[in-house]
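Me: Can we go through this model together? I'd like to start with the domains and then move to the DNA.

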2 protein chains.
Amino acid sequence: MRIQYTEGSLAQAVIRRFNALRPLSEEATATFEQAILEGLLRAGPGEDLAAEGDRVDGVRLVLSGWLFRHKTLEDGRRQIVNFVLPGEACDAYVYLLSTMDHSITTATPVVYAEIKKARFEKLLTSERTLAEAFMCETLVNDAIQREWATNLGRRVALERVAHLFCEIYERLRPVGLVDGNSCSFPVTQMDLADATGLSVVHLNRTIQELRASGLISLRERTLTINDLDALKNVAFYSPSYLQLYRRD
Amino acid sequence: MRIQYTEGSLAQAVIRRFNALRPLSEEATATFEQAILEGLLRAGPGEDLAAEGDRVDGVRLVLSGWLFRHKTLEDGRRQIVNFVLPGEACDAYVYLLSTMDHSITTATPVVYAEIKKARFEKLLTSERTLAEAFMCETLVNDAIQREWATNLGRRVALERVAHLFCEIYERLRPVGLVDGNSCSFPVTQMDLADATGLSVVHLNRTIQELRASGLISLRERTLTINDLDALKNVAFYSPSYLQLYRRD
DNA sequence: TCATCTCGTTAACTTAGTGAAATGCTGGAA
DNA sequence: TTCCAGCATTTCACTAAGTTAACGAGATGA
């Protein structure tokens with residue numbers, strides 16, 4: 001995987017996202033960026049960054065690539081409960097709890113930064129707005145989780161898949177990963193089925209239907225949304241939960 | 001509704017829960033308790049403590065009674081995404097975001113405490129472990145939300161309802177609201193259907209089935225679990241996500 | 001070159017869960 | 001007492017989604 005960044009820093013996605021959550025001072029940005037660049041790591045596709053039951057002792061921030069959070073029942077049924085996209089945190093504050101309640105696995109090659117607990121806490125203490133930004137990151141994650149519950153509980157297959165596409169698209173946009181009306185969408189239909197609570201067969205049928213209606217195209221790991229408004233209508237999509245627009 | 005407290009303070013449920021998340025010093029407990037008792041409020045059943053789109057400017061803690069968090073689609077379909085039980089916080093830190101992404105409505109008469117933002121922040125600054133406890137509260141809430149996604153996406157009706165019963169039971173126990181093998185369960189089948197993503201009709205069938213198998217009884221707003229282990233087996237229940245046992 | 005794997009796709013068939021509507025129960029309010 | 005409202009329950013016809021299985025295309029590797 002070649003990592004492409006038009007504007008300088010590897011940490012761009014994270015900086016952008018956190019700035020959208022809370023405007024950070026230049027100084028805070030610089031301190032944050034340095035902490036990120038000092039903790040750079042890479043993982044190949046299909047690696048676990050954390051597994052259910054693990055203890056976690058730091059914070060990981062995704063610079064590029066996709067991951068997903070998932071839980072598996074004893075008999076093998078799996079639910080992907082969220083994706084972790086560039087700019088987002090894997091596990092802010094999780095070291096406060098005893099163990100992970102879910103697993104985090106890479107879907108693609110991933111570049112991420114690890115900030116150890118001690119450093120992280122120092123960072124939050126010295127930069128108050130950064131602490132608030134991390135808090136917001138956690139709260140938004142929570143809001144997304146609620147929207148997923150609604151998606152899984154009350155939307156039918158077509159709406160559900162459409163909703164997922166809208167959400168991912170809107171989450172990728174602010175970090176600069178939407179190009180025209182397309183974005184990378186590097187997950188298999190099996191993963192997508194596990195994210196939407198459908199069988200692979202029915203997920204496939206549903207995607208066919210969305211394609212046939214001309215709303216989207218999805219091939220070679222690229223999602224193109226031909227008519228975003230129409231797709232949002234199909235999905236009963238209401239975006240405020242992502243908190244993409246700043247307070248005041 | 002008569003509020004019964006065998007051991008003194010109204011704030012007992014909250015104190016117990018937060019102490020289970022992080023052991024609080026006596027001093028921290030006292031300061032916290034005072035803040036709670038100074039902000040006491042009551043609400044009748046069916047009242048909104050917050051609605052989607054509202055701004056929230058403080059933290060509410062539930063002393064007694066049940067509430068639920070819910071989201072509604074444009075066409076009226078509703079999903080209850082979680083319950084808020086005695087001892088839990090409605091909206092810790094939410095003032096950091098611009099607006100509520102969901103609504104919070106009382107299911108029963110509720111006694112709660114409101115702590116305004118300024119006071120709340122002062123409290124967290126002066127009592128570090130309390131800040132950590134609030135953070136844990138948020139993280140556990142997040143974990144519950146993930147479990148709900150799994151429940152809605154990958155469990156069939158019987159497992160799903162069984163799982164909800166197990167979870168609520170286990171959440172009520174540490175705050176002292178389980179009596180023998182029974183607890184209050186003050187929600188209608190319509191609410192339960194909206195919480196499990198089922199139709200009322202099918203929810204009813206499912207409850208009949210659980211009753212017929214002798215695992216539970218549910219009548220007059222009281223849930224009795226006759227065989228908790230068996231119910232957990234039916235539900236593929238794995239409790240660690242509630243983080244009920246302290247780290248170290 | 002052949003064999004194997006993963007992934008997407010399609011078909012045939014089954015089933016879990018839905019929707020609408022009617023019935024009965026219980027507990028206020030008039 | 002009577003009436004009504006809210007809630008639980010049941011029935012029945014219907015459908016959205018699951019299951020199983022098979023097939024093809026492309027990638028990978030011996």
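**Domains, then DNA**

Me: How far apart are the C-alpha centres of domain 1 of chain A and domain 2 of chain A?
Reply: They lie 23 Å apart. Keep in mind that this is a predicted model.

Me: Which residues belong to each domain of chain A?
Reply: The domain assignment gives 1–131 for domain 1 and 155–248 for domain 2.

Me: How much area do domain 1 and domain 2 of chain A bury between them?
Reply: About 1700 Å², with 59% of it on carbon and sulfur atoms. In domain 1, Trp66(A), Arg78(A) and Phe83(A) lose the most area to domain 2. Together they make up 33% of what that side buries.

Me: How many salt bridges cross that interface of domain 1 and domain 2 of chain A?
Reply: The rule finds three. Arg78(A) comes up again here: its side chain meets that of Asp191(A) in a salt bridge, at 2.9 Å from N to O.

Me: Switching to DNA strand D. Which residues come nearest?
Reply: There are 16 residues around the strand, and Ala157(A), Gln189(B), Asn204(B), Arg211(B) and Arg221(B) come nearest. Sugar and phosphate account for 65% of the strand's atoms that come within 4 Å of the protein.

Me: What do the side chains of Arg211(B) and Arg221(B) lie close to?
Reply: Each has a polar side-chain atom by a phosphate oxygen of strand D. The distance is 2.9 Å for Arg211(B) and 2.8 Å for Arg221(B). For Ser199(A), the corresponding distance is 3.0 Å.

Me: Which element gives the largest share of the surface near strand D?
Reply: H7(B), with five residues.

Technical notes: Residues are numbered from 1 along each chain as its sequence is written. Chains are lettered from A and ligands numbered from 1 in the order in which they are written. This is a predicted model: local features need pLDDT of at least 70, side-chain atom pairs count only at pLDDT 80 or more; totals for chains, interfaces and linings use all residues. Side-chain values use heavy atoms; hydrogens and water are left out. A residue is near a molecule or strand if one of its heavy atoms lies within 4 Å of it. A polar contact is a pair of N or O atoms within 3.5 Å; within protein, one must be able to donate a hydrogen and the other to accept it, and residues adjacent in sequence count only if both atoms are side-chain atoms. Helices (H or I, at least four residues) and strands (E, at least two) are DSSP runs, numbered from the N terminus. Domain bounds come from an automatic or database domain assignment. Buried area is the accessible area (1.4 Å probe) that two parts lose on being put together, summed over both. A salt bridge is a side-chain nitrogen of Lys or Arg within 4 Å of a carboxyl oxygen of Asp or Glu.
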